[in-house]
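Trainee: I am new to this structure, so please take one part of it, look at it closely, and then connect it to whatever else helps me find my way around.

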Number of protein chains: 2
Amino acid sequence: MSDRLSFTLHELVAEIDAYADAVLQAEYGVGYNHFQFLAILAGVEPTDMTRLAFCLGVTKAAVSKRVPALVADGWITADSPAGSGRSILLSLTEKGAALVQTAGARLERDFAEMLAAPAFAADPIDAPRLNTQLNTLIAFIQSQPASAAAPQE
Amino acid sequence: MSDRLSFTLHELVAEIDAYADAVLQAEYGVGYNHFQFLAILAGVEPTDMTRLAFCLGVTKAAVSKRVPALVADGWITADSPAGSGRSILLSLTEKGAALVQTAGARLERDFAEMLAAPAFAADPIDAPRLNTQLNTLIAFIQSQPASAAAPQE
DNA sequence: CGACGTGTGTAAACCTGTTGACTCACACTG
DNA sequence: CAGTGTGAGTCAACAGGTTTACACACGTCG
């Protein structure tokens with residue numbers, strides 16, 4: 001347990017990811033990265049690689065390398081509409097959408113249950129309020145001059 | 001802005017890291033990973049590779065590979081005390097300790113200022129309380145059965 | 001003593017991401 | 001119609017992690 005909030009946040013995220021990875025691996029046979037790719041695509045589909053890369057927080061090249069395998073395994077489709085330059089439109093297949101739906105709901109339910117656990121009875125966590133506060137904080141950090149470091153921009 | 005707390009947390013951590021990396025790079029000429037390695041070592045030095053790896057949340061092998069360069073550049077020392085098996089004790093040099101001290105203070109000050117920014121006047125963030133809550137949450141997740149995924153254990 | 005078991009660091013192969021140079025398709029300009 | 005610019009995707013080289021297997025320094029126990 002650290003007394004530095006920034007350390008605590010890192011630790012918490014690592015713990016959430018580890019938990020999610022364990023659940024996903026055990027019940028759906030996919031890893032956390034795999035799920036995250038599909039889940040974030042679900043929020044913006046159909047979209048091209050560049051935008052998805054931005055949403056994922058990785059580079060175009062990283063997305064470009066993962067796409068063929070995901071298409072081959074039937075999670076997503078990649079179409080090149082005529083007359084759109086080299087742009088490639090990515091979408092979820094039924095299988096991909098189903099995974100995002102069911103596994104996402106499962107993880108969200110788990111997480112909500114944790115936040116409502118008796119351990120927090122004495123000092124309950126107000127999730128919506130916390131979410132709003134943290135989003136404000138994100139926006140504020142992004143507005144800081146030194147923060148010119150988002151990948152791919 | 002996502003309405004899912006877990007997404008927001010990921011985004012926040014990414015933003016904090018990007019900010020820290022920009023500051024560290026600009027003012028101290030080191031990257032965030034570099035600083036993190038030294039800062040976490042500072043909290044447990046002197047210690048051996050296995051324990052440091054655990055604290056960093058990476059494997060022994062990863063630490064083992066980084067140590068030679070850090071020693072060569074004068075950030076840390078690696079000693080093999082007689083009679084302790086193959087254990088190697090890692091410690092910060094003066095240079096390393098100074099970086100952790102000054103850069104750490106700088107980042108912490110920046111972060112504290114952000115949390116006190118006017119943007120939060122309407123709904124202030126109580127950092128110590130939040131830290132406690134999140135640490136409780138971490139402990140709770142770790143106690144969940146599915147969470148058998150901490151690296152190196 | 002000698003054989004094992006255990007903890008610790010290291011080496012090799014691999015996976016995944018980044019960077020920087022490139023190709024390609026299109027739009028604009030002369 | 002070139003010629004040039006620009007945005008999108010891809011390729012090659014690299015960086016930093018993980019895994020698996022191993023070498024080594026100790027204990028312990030026969």
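Mentor: Let us start at P46(B), which sits in the loop that joins α2 (32–44) to β1 (47–48) in chain B. Keep in mind from the start that this is a predicted model. The peptide bond that leads from E45(B) into P46(B) is cis, and its omega is near -10°. If you now turn to chain A, you will find that the bond from E45(A) to P46(A) is cis, with omega near -10°, and that P46(A) is placed in the loop between α2 (32–44) and β1 (47–48) of chain A.

To see where such a loop falls along a chain, follow chain A from its N terminus, where the order of elements is α-α-β-α-α-β-β-α-α. Chain A has six helices and three strands, and its C-alpha atoms fill a box of roughly 60 × 45 × 25 Å along the principal axes.

Moving on from the loop brings us to the DNA. Around DNA strand C there are 21 residues, and the closest of them are T59(A), A62(A), D48(B), M49(B) and S64(B). At least two residues of the surface near this strand come from each of α4 (60–72) of chain A, α3 (49–56) of chain B and α4 (60–72) of chain B, and α4(B) gives the most, with four residues. By character, the surface near DNA strand C divides into eight nonpolar, eight polar and five charged residues.

DNA strand D is likewise surrounded by 21 residues, with M49(A), T50(A), S64(A), T59(B) and A61(B) as the closest. Here the elements that each supply at least two residues are α3 (49–56) and α4 of chain A, together with α4 of chain B, and the most is given by α4(A), with four residues. The surface near DNA strand D divides into eight nonpolar, eight polar and five charged residues.

Since α4(A) has come up for both strands, it deserves a careful look of its own. Its 13 residues should span 18 Å at 1.5 Å a residue, and because its end C-alpha atoms lie 19 Å apart, the expected and actual lengths agree. Along the way there is a kink of about 30° at R66(A), shortly before the proline P68(A). After α4(A) comes G74(A), whose phi is positive, near 80°.

Finally, return to chain B, where helix α1 (residues 5–28) packs against helix α5 (residues 94–115) at an angle of about 135°, with the two axes 11 Å apart. That angle makes α1(B) oblique to α5(B), and the crossing of these two helices is right-handed.

Notes. Residues are numbered from 1 along each chain as its sequence is written. Chains are lettered from A and ligands numbered from 1 in the order in which they are written. This is a predicted model: local features need pLDDT of at least 70, side-chain atom pairs count only at pLDDT 80 or more; totals for chains, interfaces and linings use all residues. A residue is near a molecule or strand if its C-beta atom, placed from the backbone, lies within 6 Å of it. Ala, Val, Leu, Ile, Met, Phe, Trp, Tyr, Cys and Pro count as nonpolar, Asp, Glu, Lys and Arg as charged, and the others, Gly among them, as polar. The expected span of a helix is 1.5 Å times one less than its number of residues. The bend at a residue is the angle between axes fitted to the seven residues ending there and the seven starting there. Axes are lines fitted to C-alpha atoms, for helices over the stretch in contact, and angles run from 0 to 180 degrees between N-to-C directions. Angles under 35 degrees count as roughly parallel, over 145 as roughly antiparallel, 65 to 115 as roughly perpendicular and the rest as oblique. A crossing is left-handed if the near helix is turned anticlockwise from the far one by less than a right angle, and right-handed if clockwise.
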